[in-house]
Amino acid sequence: CSSDLPFCPFDRSNGQKGTVVRLTRFRRQDDTTWTHDGEWAYLTDAIGGGNTRRMRSGVSDLCVLEDGTLLVLERELSRKGVDPSYRARLYAVRPAREESIDMARPIAKKLLFGADTGTANYEGVCLGPVLGNGDRTLVMVSDGGDADDERLYVLRMKEGRE
């Protein structure tokens, strides 16, 4: 990689820098035909805890809002003490149609939520029901490998604000 880049787009995440993930959008033209509609480089966070060969950060799921905002669920496995633990973060990105992929310039992201989640490994995110006051719910699901760590985490999104 070029030494003038703040990261190498082909490296895995580590304690100093994240890794680049390629986001690709497709649009349905009719009932059967999908067409490519854009690509963006997305830079994950660096690993926040101790770094060993097994520790990683990355994108585990995406959720598109009605206005085109893309919610990106990042998860991380790292060591912040004796035992490994997970961290979940939810970012908003706004891919513009006119943008094209540039691995040296990842798309801007805004942190909406972040938490250390212990042994709960949040891997999925989807829109939940609309509440009576118009606020939207967002549901994250964890697959921790056994029944004790399979959890739902529900967030409320205020209408008109992130």
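Which residues do ring pairs link into a cluster? Here they are Phe113, Tyr122 and Tyr153. Keep in mind that this is a predicted model.

## The aromatic cluster

Search the whole structure and you get 2 aromatic pairs. One of them is Phe113 with Tyr153, a tilted pair with 5.3 Å from centre to centre and 50° between the planes. Phe113 sits in strand E6 (residues 110–118) and Tyr153 in strand E9, so this pair ties together parts that are 40 residues apart in sequence.

Then there's Tyr122 with Tyr153: the ring centres are 6.0 Å apart and the planes stand at 80°, so this pair is edge-to-face. Over 60 degrees is what it takes for that label. Again the link spans distant parts of the chain, with Tyr122 in strand E7 and Tyr153 in strand E9, 31 residues apart.

## Who is covered and who isn't

How buried or exposed are the rings of the cluster? Phe113 is buried, with a relative accessible area of 15%. Tyr122 has 5% relative accessibility and so counts as buried too, because the cut-off for that is under 20%. Tyr153, which takes part in the pair with Phe113 and in the pair with Tyr122, comes out as partly exposed at 34%.

## The sheet around E9

Strand E9 covers residues 152–157, and it belongs to an open sheet of 3 strands. The order is E7-E8-E9, with antiparallel pairing. On the edges you'll find E7 (122–130) and E9, each of which pairs on one side only. Ignoring direction, neighbouring strands of this sheet are turned by 25° against each other on average.

What joins E8 to E9? Strand E8 (residues 136–142) is connected to E9 by 6 bridges, and the two run antiparallel. If you want a specific contact to look at, try Val139, whose bridge partner in E9 is Val154.

## A nonpolar patch on the surface

Val154 is worth a second look, as it turns up in a surface patch as well. Together with Val141 and Leu152, Val154 makes a nonpolar patch of about 280 Å². Val154 itself has 54% relative accessibility, so it counts as exposed; the cut-off for that is over 50%.

So what does strand E9 bring together? Tyr153 in E9 joins the ring cluster with Phe113 and Tyr122, while Val154, also found in E9, bridges to Val139 and helps make the nonpolar patch.

Note on methods:
Residues are numbered from 1 along each chain as its sequence is written. This is a predicted model: local features need pLDDT of at least 70, side-chain atom pairs count only at pLDDT 80 or more; totals for chains, interfaces and linings use all residues. Side-chain values use heavy atoms; hydrogens and water are left out. Patches are made of residues with over 30% relative accessible area and no salt bridge: like charges are joined within 9 Å, nonpolar side chains (Val, Leu, Ile, Met, Phe, Trp, Tyr) within 5 Å. Accessible areas come from the Shrake-Rupley method with a 1.4 Å probe; for residues, only the protein chains shown count as cover. A salt bridge is a side-chain nitrogen of Lys or Arg within 4 Å of a carboxyl oxygen of Asp or Glu. Helices (H or I, at least four residues) and strands (E, at least two) are DSSP runs, numbered from the N terminus. Buried means under 20% relative accessible area, exposed over 50%, partly exposed in between (1.4 Å probe, protein chains only). Two strands pair if DSSP finds at least two bridges between them. Axes are lines fitted to C-alpha atoms, for helices over the stretch in contact, and angles run from 0 to 180 degrees between N-to-C directions. Rings of Phe, Tyr and Trp (its six-membered ring) pair if their centres lie within 6.5 Å; planes under 30 degrees apart count as stacked, over 60 as edge-to-face and the rest as tilted.
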